[in-house]
Amino acid sequence: MEIKVYKNAEEIGKAAGQLYVDYINANPSCVLGFATGASPVPTYDYIAESYKQGKVSLKGVSTFNLDEYCDIPREHKNSYYTFMCENLFSRTDIDMANVDFLDGNADPDEESARYAAAIKAKGGIDIQLLGIGRNGHIAFNEPGDEFTDEAWKVTLTQSTIDANSIYFDDIPMPRYALTMGIGSIMRSKKIIMIATGESKAQAVKDMIKGPVTPACPASILQQHGDALIFLDEAAAKLL
Ligand code: GLP
């Protein structure tokens, strides 16, 4: 793991965003794994702004997202699909035919097999972006007894529901989600994790300094050969 500590979320957005811009310019048909949540937003802003300024094009880029809620339509304002459209896709020239997403309303086993095959057909994910949950979850892989492999249907924990339900003002937050498994994430050639704010400090410490255990799913990143961790000072506080 390579750890980089920045003053704040905005500085991370610039550094991680520039890394993406450089990577896409060098590899215009790359395969990127994207994440939702507040943590990657400054990075998405930077990429979108770079596109606006003519410094990068996402025309040839293919994407896969980490996870999606079950039991809400894809077009719902709180779906992760909508989140990605609003925060990145609609702000760039990405070809939506190259955007793949887990369908939270599909049969979980069939959808998992479809997604794994689709990722394989593209040659795997070049860079997977991750955030971290306050309980150490990555994507929606909650703390558990074993590390998962391909995409699966997860029952969200109370900690995640408490953290994410602030975004749901018209319907209750879904209790289930489809998520890429830990195995799928670990097969990505490079991983970039962004963690900001004091509420992530304990999870960050467990991820970096603790044992590799499914009780802290993010701790598996210790075993990835190319994992770059961007932290702000608050998230790095307990290191
Ligand atoms: C959700 C997502 C995760 C994300 C986490 C942290 O649970 N499924 O992929 O990493 O939230 O989100 P935030 O960046 O908003 O703290």
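Student: Why is K189 called partly exposed?

Tutor: This is a predicted model, and in it K189 has a relative accessible area of 46%. Buried would need under 20% and exposed over 50%, so K189 falls in between and counts as partly exposed.

Student: And what makes D126 buried?

Tutor: D126 has 13% relative accessibility. The cut-off for buried is under 20%, so D126 counts as buried.

Student: How do you know that K189 and D126 form a salt bridge?

Tutor: Check the gap: the closest N and O atoms of the pair are 3.1 Å apart. A side-chain nitrogen of Lys within 4 Å of a carboxyl oxygen of Asp is what the term asks for, so K189 and D126 qualify. K189 sits in the loop between α6 and β9, and D126 in the loop between α4 and β6, so this salt bridge ties together parts that are 63 residues apart in sequence.

Student: Why is the contact between D149 and R187 called a salt bridge?

Tutor: Same test again: N to O comes to 2.9 Å, and the limit is within 4 Å, so the name fits. D149 lies in the loop between β6 and β7 and R187 in the loop between α6 and β9, so the pair links parts 38 residues apart in sequence. As for exposure, D149 at 40% is partly exposed, and R187 at 48% is partly exposed too.

Student: What makes K77 and D169 a salt bridge?

Tutor: Their side chains meet at 2.6 Å, N to O. With a limit of within 4 Å, they pass, so it's a salt bridge. K77 is in the loop between β4 and α3, while D169 is in the loop between α5 and β8, so the pair ties together parts 92 residues apart in sequence. There's a network here as well: K77, D169 and D170 are linked by salt bridges.

Student: Why is D169 called exposed, but K77 partly exposed?

Tutor: D169 is at 64%, and exposed means over 50%. K77 is at 44%, which lies between the two cut-offs of 20% and 50%.

Student: How do you know that the length of helix α2 agrees with its residue count?

Tutor: At 1.5 Å a residue, its 12 residues should span 16 Å, and the end C-alpha atoms are 16 Å apart, so the two agree.

Student: Which residues of α2 are buried, and how do you know that they share a side?

Tutor: They are T43, Y44, I47, A48 and S50. These residues cover an arc of only 160° around the axis, so they're on the same side of α2. They pack against α1, β2, α3, β6 and β9.

Terms used
Residues numbered from 1 in each chain as written. Predicted model: local features only at pLDDT ≥ 70, side-chain atom pairs only at ≥ 80, totals over all residues. Heavy atoms only, no water. Helix = DSSP H or I, 4+ residues; strand = E, 2+ residues; numbered from the N terminus. Buried < 20%, exposed > 50% of the residue type's maximum accessible area, 1.4 Å probe, protein only. Expected span 1.5 Å × (residues − 1). Arc of directions from axis to C-beta. Contact = heavy atoms within 4.5 Å.
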